[in-house]
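Welcome! Below are some exercises to help you find your way around a new structure, each with a worked solution. Have a look at the picture before you start.

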Amino acid sequence: MIKLRKLEEKDIPYMIEWMSDEELTKYLKNNFSKLANAEIQKEFIRNSISDRDINFAIVDNSNDEYLGTISLKNIEKDFKSAEYAICIRKGVQGKGVAFQATLKILKYAFFDLKLENVYLYVLKENVRANKFYEKFGFKFDRVENKSLEIKGVMSDINWYSIDKNNFVQIWKNNEKEMINVKKVKYAPITDNRGDLIALENPKNLKFPLNRVYYMYNVGSDIVRGRHSHYNLDQLLIATSGSVVVLAKTPFEEQEYILDNPSEGLYIGNMIWREMYNFSNDAVLMVLASEKYNEDDYIRDYEDYEKEAKRYFKKILKK
């Protein structure tokens, strides 16, 4: 697993590594061989986050080792747009790092910064990069012939872009199931009066229902949840608007987006959950198998990790 964080001075040797690699930088506009200097990179790190530009380190979640840099540049809040850029170390290419990092930076762009469009340009001759952007889901917009000078040669560049709606579909297509976590889809009954979904145990609700509650008027900067349960089945449904749900164990994690009342997220025992990025019109309904019981909650993450490691060790042995 990878994560994004602020750049730190301990990343500099790895940054200089890829900047000094002519094969990695031959398609890039800047002359990185001149930038492969510790003092220059210290200054870059000090100014790596601003209202205009955001540069994050891509790091291995297990040991915090720097894998590359991913950026949103030329952020225009009035136009709700930004430019995307990425460069990763040669040793991690082809391992899915760029794909996962791009998912994370675009989530940040569209849900935290509230942007509506992210664009990029790439040399037409950079076949590997063009294939990656097209495979990810960026839309080809246009080619500009002889418009960028690289090492004294005027080169053709391709422009790509992605908007929030297209990105959300890509996000959903790449959501993965976890132990005790599953996205559930329901077929509505539809006629000229509208749509209706009925949840019945055991027909399509796989646990007895003892409690229903819902959240609304939650600020976009508020995080709900931040706990786990020893013994509880839940189904989360965004009956209006959208919300992001983080499901996490000591071994894996996945962010799910709920934005359709015909979809739910089942969460079972010993899953740490957090809900955030509530849209202004979001209503999150939760169906639970048990009545409220404070003794069933684990609210401290360190305590949760200890309990969860024991729990999943038993589960995985079965």
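Residues 24 or more positions apart make up 71% of the contacts in the protein chain with a separation of 6 or more, where contact means heavy atoms within 4.5 Å. This is a predicted model, in which local features need pLDDT of at least 70 and side-chain atom pairs count only at pLDDT 80 or more, while totals for chains, interfaces and linings use all residues. Residues are numbered from 1 along each chain as its sequence is written, and side-chain values use heavy atoms, with hydrogens and water left out.

**Exercise 1. Get an overview of the protein chain.**

Solution.
- Step 1: Begin with the extent: along the principal axes, the C-alpha atoms fill a box of roughly 70 × 50 × 35 Å.
- Step 2: Next, look at the elements. The protein chain has eight helices and 19 strands; these are DSSP runs numbered from the N terminus, with helices being H or I of at least four residues and strands E of at least two.
- Step 3: Finally, turn to burial. Of the 318 residues, 43% count as buried (buried is under 20% relative accessible area, exposed over 50%, partly exposed in between, with a 1.4 Å probe and protein chains only).

**Exercise 2. Trace the open sheet of five strands, and find which strands stand at its edges.**

Solution.
- Step 1: Write down the order, which is 15-14-17-12-19, with antiparallel pairing (two strands pair if DSSP finds at least two bridges between them).
- Step 2: Go to the edges. Strand 15 (253–258) and strand 19 (297–298) each have a single partner strand, so one side of each has no neighbour in the sheet.
- Step 3: Zoom in on one edge. Strand 12 (residues 224–229) pairs with strand 19 in the antiparallel sense over two bridges, and serine 228 has isoleucine 298 in strand 19 as its bridge partner.

**Exercise 3. Find which strands the buried residues of helix 8 pack against.**

Solution.
- Step 1: Check the length of helix 8 (residues 301–317). Its 17 residues should span 24 Å at 1.5 Å a residue, and its end C-alpha atoms are 24 Å apart, which agrees (the expected span is 1.5 Å times one less than the number of residues).
- Step 2: Pick out the buried residues: Tyr304, Ala308 and Phe312.
- Step 3: Recall the geometry of helices. An α-helix has 3.6 residues a turn, so residues three or four places apart point the same way.
- Step 4: Look at the partners. The buried residues of helix 8 pack against strand 12, strand 14, strand 17 and strand 19.

**Exercise 4. Follow helix 5 and decide how enclosed it is.**

Solution.
- Step 1: Helix 5 (97–112) has 16 residues and reaches 21 Å from its first C-alpha to its last, close to the 22 Å expected.
- Step 2: Count the burial. Because 12 of its 16 residues are buried, helix 5 is largely enclosed by the rest of the structure. Among them are Val97, Phe99, Leu103 and Phe110.
- Step 3: Take one residue of helix 5, lysine 107. Lysine 107 counts as buried at 11% relative accessibility. Setting aside neighbours within four places in sequence, its contacts are Asp112, Phe167, Trp171 and Glu255.
- Step 4: Move past the end of the helix, where lysine 114 follows with a positive phi near 60°.

**Exercise 5. Describe the lining of the second largest pocket.**

Solution.
- Step 1: Start with the space, which is about 610 Å³.
- Step 2: Of the 22 lining residues, Leu4, Lys104, Asp112, Glu255 and Tyr276 are the closest to the centre.
- Step 3: Trace the elements. At least two residues each come from strand 1 (2–6), helix 5, strand 14 (243–248), strand 15 and strand 17 (272–276). Helix 5 gives the largest share, five residues.- Step 4: Recall the terms. On a 1 Å grid over the protein atoms alone, a pocket is an open set of points where a 1.4 Å probe fits, with protein on both sides within 12 Å along at least five of seven lines, and lining residues have an atom within 4 Å of a point. Its volume is the space filled by probe spheres set on the points, which are joined across faces, edges and corners.

**Exercise 6. Decide whether isoleucine 189 is buried or exposed.**

Solution.
- Step 1: Locate isoleucine 189 in strand 9 (residues 189–191).
- Step 2: Its relative accessible area is 58%, so isoleucine 189 is exposed.
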